[in-house]
Amino acid sequence: MKLSVFCGVSVDGFLARPDDSVDFLDTGEHVPHGYEEFIKSVDVVVIGRKTYEFVVRYGSWVYGKKPVVVLSTRHLDFSWIKNGVVERRSGDPAEIVKLLQARGCKHAYIDGGVTIQRFLAAKLIDRMVVTRVPVLIGQGVPLFGPLLHDIKLKHVATRTYSGGLVQSEYGFNYVAGPARRRSVRKERKERTKTAKALTRSPTYA
Ligand SMILES: NC(=O)c1ccc[n+]([C@@H]2O[C@H](COP(=O)([O-])OP(=O)(O)OC[C@H]3O[C@@H](n4cnc5c(N)ncnc54)[C@H](OP(=O)(O)O)[C@@H]3O)[C@@H](O)[C@H]2O)c1
């Protein structure tokens with residue numbers, strides 16, 4: 001079974017603003033950039049609870065009859081979804097994949113920042129297509145997060161679209177190499193130190 005990520009981010013790597021709005025993804029030029037073909041190619045969509053809540057606010061079920069698994073440890077009310085195929089699941093990403101595989105799924109679309117990060121950490125993502133929108137938003141919901149090991153990527157292709165969209169496609173190379181193991185706590189400390197130094201810097205304003 002293949003697992004793919006297909007998402008849009010600001011150039012500084014955010015999927016959404018802190019209030020979950022995604023207005024910055026709209027360049028005003030609605031050029032096709034492969035999403036339609038991609039969504040047709042998947043037979044199940046796996047999203048995190050916060051992405052689901054974004055869809056709820058959107059007010060209509062955007063996935064049609066495509067089976068959707070919403071990952072959450074909480075109870076969710078799907079009664080408003082008419083004609084959709086949706087269920088809640090929770091647990092280890094590898095177990096979720098096993099379950100989908102047992103159902104005969106061949107290609108899953110993994111979506112939502114934390115969700116993608118958990119599947120990446122479990123070395124389960126096979127393909128990642130990230131479309132960068134030419135804007136910096138400074139803060140928001142990050143696509144990526146801290147890692148215990150480097151994850152090597154295989155660049156497959158980079159495409160550009162009008163409106164300044166730059167789309168890069170990657171495969172993964174999870175074979176163990178001389179990966180740099182690092183402590184997440186140490187990395188956080190280093191980031192805080194860097195942020196403090198930047199705040200003190202006279203050029204930071
Ligand atoms: N730009 C784009 O292309 C794009 C794409 C997707 C999403 N977004 C945006 O990104 C934001 C959402 O991303 P996010 O990082 O905040 O969150 P997310 O990944 O959508 O959801 C995180 C939540 O999913 C649940 N979860 C994830 N993995 C789980 C597992 N294995 N078992 C049980 N529960 C699991 C947990 O919910 P509980 O706390 O309920 O347990 C967790 O808090 C939204 O603003 C959305 O609009 C943008």
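In what order do the 8 strands of the open sheet lie? The close-ups below start with that, and the model they show is a predicted one.

**View 1. The open sheet, strand by strand.** Here the strands line up in the order 5-4-3-6-1-7-10-9, and their pairing is mixed. At the edges sit strand 5 (85-89) and strand 9 (152-161), each of which has a pairing partner on one side only. Leaving direction aside, neighbouring strands in this sheet are turned by 20° against each other on average. For the wider setting, the protein chain has 5 helices and 10 strands. Its residues number 205, and 20% of them are buried.

**View 2. Helix 2 against the sheet.** Helix 2 packs on the sheet and touches strand 3, strand 4 (67-71) and strand 6 (107-111). Compare its direction with that of strand 3 and you get an angle of about 100°. Helix 2 covers residues 49-58, while strand 3 covers 44-48.

**View 3. Strand 7 meets strand 10.** These two strands, residues 127-133 and 165-173, run antiparallel and are joined by 6 bridges. Want two pairs to look for? M128 has Y170 in strand 10 as its bridge partner, and V130 is bridged to S168 in strand 10.

**View 4. The hairpin of strands 9 and 10.** Strand 10 also pairs with strand 9, again in the antiparallel sense, over 9 bridges. One of the bridge pairs is Y161 with L165 of strand 10. The two strands form a hairpin with 3 residues between them, and in the turn G163 has a positive phi of about 90°.

**View 5. A closer look at T160.** T160 is found in strand 9. Is this residue buried or exposed? It's exposed, because just 11 other C-beta atoms lie within 10 Å, and the cut-off for exposed is 12 or fewer. Not counting residues up to four places away in sequence, T160 touches L165 and V166. Then there's H33, which is 127 residues away along the chain, yet the C-alpha atoms of T160 and H33 are separated by 9.0 Å.

**View 6. Inside the largest nonpolar core.** This core has 31 residues, and V46, A108 and I110 are the ones with the most contacts inside it. Elements that each supply at least two of its residues include strand 1, strand 2, helix 3 (93-102), helix 4 and strand 7. What does V46 touch, leaving aside its neighbours within four places in sequence? Its contacts are V69, L71, I96, A108, Y109, I110 and T115. Across the protein chain, 70% of the contacts between residues at least 6 apart in sequence join residues at least 24 apart.

**View 7. The shell around the ligand.** Of the 27 residues around the ligand, the ones that come nearest are A16, G48, K50, G112 and G113. Strand 1 (2-10), strand 2 (14-16), strand 3, helix 2 and helix 4 (113-121) are the elements that give two or more residues to this shell. By type, the shell divides into 11 nonpolar, 10 polar and 6 charged residues.

Key. Residues numbered from 1 in each chain as written. Predicted model: local features only at pLDDT ≥ 70, side-chain atom pairs only at ≥ 80, totals over all residues. Near = placed C-beta within 6 Å. Helix = DSSP H or I, 4+ residues; strand = E, 2+ residues; numbered from the N terminus. Nonpolar A, V, L, I, M, F, W, Y, C, P; charged D, E, K, R; others polar. Pairing = 2+ DSSP bridges. Axes fitted to C-alpha atoms, helices over the stretch in contact; angles between N-to-C directions. Contact = placed C-beta atoms within 7 Å. Core = buried A, V, L, I, M, F, W, Y, C linked by C-beta atoms within 7 Å.
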